[in-house]
Amino acid sequence: MEVAIPHSLGREEVRRRLQANSHSIGDSIPGGMAEVVTEWPSEDRMTMAISAMGQQLRAHIDIEDQQVMFYVDLPPALGFIQPIVEGAIRQQSHKLLAPPSA
């Protein structure tokens, strides 16, 4: 599953905001009670290992010049929740891209 979120912040600012706000990703997953482990294998990619409701998911975010691309590997058995996950990403992405709190 791919979800594009447009931005006009510049890659460096998006990277800074994602790094500052990545601790809240688990709170944005529908149903709550998710554990998310993030890593930065390159400066424009954040990977995520997500554990929620007995399921393990892999995802990553690619930072591009004018958009942030969210990629989530949903197993076929969870395909029915794709619209819910996509909606949550679109709705909650503003929190990830918000300026860090002082």
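The buried residues of helix α1 (buried meaning under 20% relative accessible area with a 1.4 Å probe, protein chains only) pack against β2 (34-42), β4 (55-63), β5 (67-73) and α2 (82-96). These buried residues of α1, which spans residues 11-21, are Glu13, Val14, Arg15, Arg17, Leu18 and Asn21. The model is predicted, so that local features need pLDDT of at least 70 and side-chain atom pairs count only at pLDDT 80 or more, while totals for chains, interfaces and linings use all residues. Residues are numbered from 1 along each chain as its sequence is written, and side-chain values use heavy atoms, with hydrogens and water left out.

The protein has two helices and five strands, arranged along the sequence as β-α-β-β-β-β-α. Helices (H or I, at least four residues) and strands (E, at least two) are DSSP runs, numbered from the N terminus.

The largest nonpolar core contains 22 residues, and Leu18, Met48, Ile61 and Phe70 have the most contacts inside it. Such a core is a set of buried Ala, Val, Leu, Ile, Met, Phe, Trp, Tyr and Cys residues joined through side-chain atoms within 4.5 Å. Two or more residues each come from β1 (2-6), α1, β3 (45-52), β4, β5 and α2; β4 gives the largest share, four residues. Leu18 touches Trp40, Ile61, Ile63, Leu96 and Leu97, leaving aside residues up to four places away in sequence. Contact here means heavy atoms within 4.5 Å.

Of the 102 residues in the protein, 40% are buried. Along its principal axes, the C-alpha trace spans about 35 × 25 × 25 Å.

Notes: Buried < 20%, exposed > 50% of the residue type's maximum accessible area, 1.4 Å probe, protein only.
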